[in-house]
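The points below are my reading notes on this model, set out in the order in which I went through it. Please keep the sequence and the structure open beside them.

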Protein chains: 2
Amino acid sequence: MPDQRIDLPQGSLDLLILKTLALEQQHGWAISERIQQISSNVLQVQQGSLYPALHRLERRGWIKAQWGVSENNRRAKYYALTRTGRKKLEADTEAWRKLSAAVAQVLDAV
Amino acid sequence: MPDQRIDLPQGSLDLLILKTLALEQQHGWAISERIQQISSNVLQVQQGSLYPALHRLERRGWIKAQWGVSENNRRAKYYALTRTGRKKLEADTEAWRKLSAAVAQVLDAV
DNA sequence: ATCTGATAGATCGTGCAACGATACATTACC
DNA sequence: GGTAATGTATCGTTGCACGATCTATCAGAT
């Protein structure tokens, strides 16, 4: 399968990260891999986007960090959702579904 | 129905405009109304986004303009898709569907 | 012992697009 | 004559995704 990657539209990265962390707390590198994997290589998170996004989310209180050691025995920063982060995830998910449905409506218009 | 509007993610506006013009050639103001209407008031195109987008699309050759008179007897600039614009619309539609499906995959992940 | 690749985190500058505010002109209607 | 609706347009701000680049450590191969 040729993986034709797509630029993430502004704002969608936060949502993807939050959702990934809702499944399981994880470090940045793994989050990126996870998103790519679940989306069948369609979504690829660049490192130049990933780390600023994580810092942004932490600064806003949606996630919190904690240093640890990865499965590969490397120093890694583990992120977990906060309570407000979970709220944020729900709201953003809802907003995305709404947007997605609305755009689909326009695209399918006759 | 309370219309809770959503900020358009970067890039989606071009797609919406192109699609609207594929239905029927139209002037800017009407394009904006159309999108809003078809999407049940979810998508609202700001004028500060609309006109720059139209100029952008014209500059890139996806659409072409022609002055005319609106149904309300006002001076209006009518836009129509060009052939390359139609190609662009197809490609962007495909890309959006792909993205949308990929994000949905992540959001629905267990 | 050294080299290489994978893993992990981070920053910086650039580019681009959506937004809010604002401006202006014309038509229709009161 | 005043006001609302219609229609086009620009400007400055903001925010984010991206590519390039840097650092560090560990595992395995040479």
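1. A polar contact is taken here as a pair of N or O atoms within 3.5 Å, where within protein one atom must be able to donate a hydrogen and the other to accept it, and residues adjacent in sequence count only if both atoms are side-chain atoms. With that rule, a phosphate oxygen of DNA strand D is 3.5 Å from an N or O atom in the side chain of Arg60(A).

2. This is a predicted model, in which local features need pLDDT of at least 70 and side-chain atom pairs count only at pLDDT 80 or more, while totals for chains, interfaces and linings use all residues. Residues are numbered from 1 along each chain as its sequence is written, chains are lettered from A and ligands numbered from 1 in the order in which they are written, and side-chain values use heavy atoms, with hydrogens and water left out.

3. Other phosphate oxygens of strand D should be inspected as well: one is 2.7 Å from a polar backbone atom of Gly11(A), and one is 2.6 Å from a backbone N or O atom of Lys77(B). Both of these residues are among those that come nearest to strand D, out of 32 around it (near meaning a heavy atom within 4 Å). Of the strand D atoms within 4 Å of the protein, 67% belong to sugar or phosphate and the rest to bases. H3(B) gives the most residues to this surface, namely five (helices being DSSP runs of H or I with at least four residues, strands runs of E with at least two, numbered from the N terminus).

4. On DNA strand C, which 31 residues surround, sugar and phosphate account for 68% of the atoms that come within 4 Å of the protein. A polar side-chain atom of Ser70(A) lies 2.4 Å from a phosphate oxygen, and a backbone N or O atom of Gly11(B) lies 2.7 Å from a phosphate oxygen, whereas the polar backbone atom of Gly48(B) is 3.1 Å from a base nitrogen. For this strand H3(A) gives the most, with five residues.

5. How are the two protein chains related? Chain B can be laid on chain A with an RMSD of 0.1 Å by a turn of 180 degrees and a shift of 0.0 Å along the axis (a least-squares fit on the C-alpha atoms of residues with pLDDT of at least 70 in both), and that is the relation of a two-fold axis. The same surface serves both copies, since 100% of the contact residues of chain B recur in chain A.

6. In that interface, 29 residues of chain B are in contact with 29 residues of chain A (heavy atoms within 4.5 Å). Together the chains bury about 2900 Å², 72% of it on carbon and sulfur atoms, buried area being the accessible area (1.4 Å probe) lost on putting the two parts together, summed over both. In chain B, Trp96(B), Val106(B) and Leu107(B) lose the most area to chain A, together 21% of what that side buries.

7. Two salt bridges are counted between the chains, a salt bridge being a side-chain nitrogen of Lys or Arg within 4 Å of a carboxyl oxygen of Asp or Glu. Arg97(A) forms a salt bridge with Asp108(B), their closest N and O atoms being 3.0 Å apart. On the chain B side of the interface, H4(B) gives the most, with 12 residues.
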